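Thanks for sharing this one. Here are a few notes to read alongside the model.

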Amino acid sequence: GANRERATFAFTSAERTRWHWTVPSSVPRNGLPLGAMSREQRRLALAMLRWSCSAAGYRKALDIMALQGVLRRMGTGIGDPFDPDRYYVSVFGTPGARTWGWRLEGHHLSRHFTVVGNTVVAEPFFLGAWPTRADTAFRSVSKGYRTMPREEDAAREIVLSLDRALRRRVVFASESLTDHLTQNAVRVSPLEPVGVLVGDLPSGAQRRVHEIVHTNLANHPSAIARRALARVERAGIDRTRFGWAGSTRPGVPHYYRLQGPTFVLEFDNSRNSGTHIHSVWRDFQRDFGRHLL
């Protein structure tokens, strides 16, 4: 029916690699929103997400969606673009075919899954949070709850643990960058190398780099996460660079970048006095399953 027509696209459609993270009122999305689904359709859509993520990744996605209700209750003064029901499901090709894919996307959440044979590719993926700490309770999000705590804190702990000379090398700009540089590009190339090679960091800082990588990849089911981690490690975590821009004080704008031979992770927390996260993981060769097609 009409809902199926809204939700489905050819696998070869340009829609498959069209994506964004901002509110749908600013950048309209194609697909079927959760709010237009029957109760059973919504249950199945969330079941698809649950099976496409780890338990932790599924909880994080639900938290990000629930934060839209928190924003509504905060009264941001910019209209009401925040709607937990405006997350859109799009299916590309025919599920069960050798090649197909699907996406769930809305404000601060863009999860892409490309299936080729028995291989599932989950890059790129975008996660955001505003507020970073919920000021009010709403559904599953309790007051004071943080959706992305270690993604932020572990990186700050790296910088604060360094001696003055090494910190000067890691902090490549005194002001935050104000946004992630890769934006919503379909294909990305390595960004300017900034900061310090992970192999040149002290062991405690190296452990926190590993934690950041693990925390991000832990959004995927274990088999996908293991494969993604093995790819990062084969290319060499020691050859990955960590760079920071902005303040090291919580609640003040900052940005950091982890970039290795195969991937870049950008984490920007610049808006709303450093309480508004944009985080994206891009793979230079494998985004949208390009290496398999």
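Which residues line the largest pocket? I took that as my starting point, and then moved on to one of the strands.

1. Please keep in mind that this is a predicted model. In it, the largest pocket is lined by N3, R4, A7, T8, L32, M37, Q41, L44, A45, M48, V89 and V91. The elements that contribute two or more residues to this lining are α1 (2-7), α2 (39-52) and β3 (88-92).

2. Among the contributors to the pocket lining, α2 gives the most, with four residues. By character, the lining comprises eight nonpolar residues, three polar and one charged. The volume of this largest pocket comes to about 250 Å³.

3. Now to strand β10, residues 241-246, which is worth a look in your viewer. Five of its six residues are buried, so the strand is largely enclosed by the rest of the structure. Buried here means under 20% relative accessible area.

4. What does β10 pair with? Strand β11 (residues 254-259) joins it in the antiparallel sense over six bridges. Strand β9 (residues 196-197) is also antiparallel to β10, with two bridges, while β8 (residues 171-173) runs parallel to β10 and is joined to it by two bridges.

5. A245 is a handy residue for checking the register. This β10 residue stands opposite A173 of β8, and its bridge partner in β11 is Y255. For the pairing with β9, you can use R241 of β10, the bridge partner of L197.

Notes
Residues numbered from 1 in each chain as written. Predicted model: local features only at pLDDT ≥ 70, side-chain atom pairs only at ≥ 80, totals over all residues. Heavy atoms only, no water. Buried < 20%, exposed > 50% of the residue type's maximum accessible area, 1.4 Å probe, protein only. Pairing = 2+ DSSP bridges. 1 Å grid on protein atoms, 1.4 Å probe; cavity = no way out; pocket = protein on both sides within 12 Å on 5 of 7 lines; lining within 4 Å. Points joined across faces, edges and corners; volume = space filled by probe spheres on them. Nonpolar A, V, L, I, M, F, W, Y, C, P; charged D, E, K, R; others polar.
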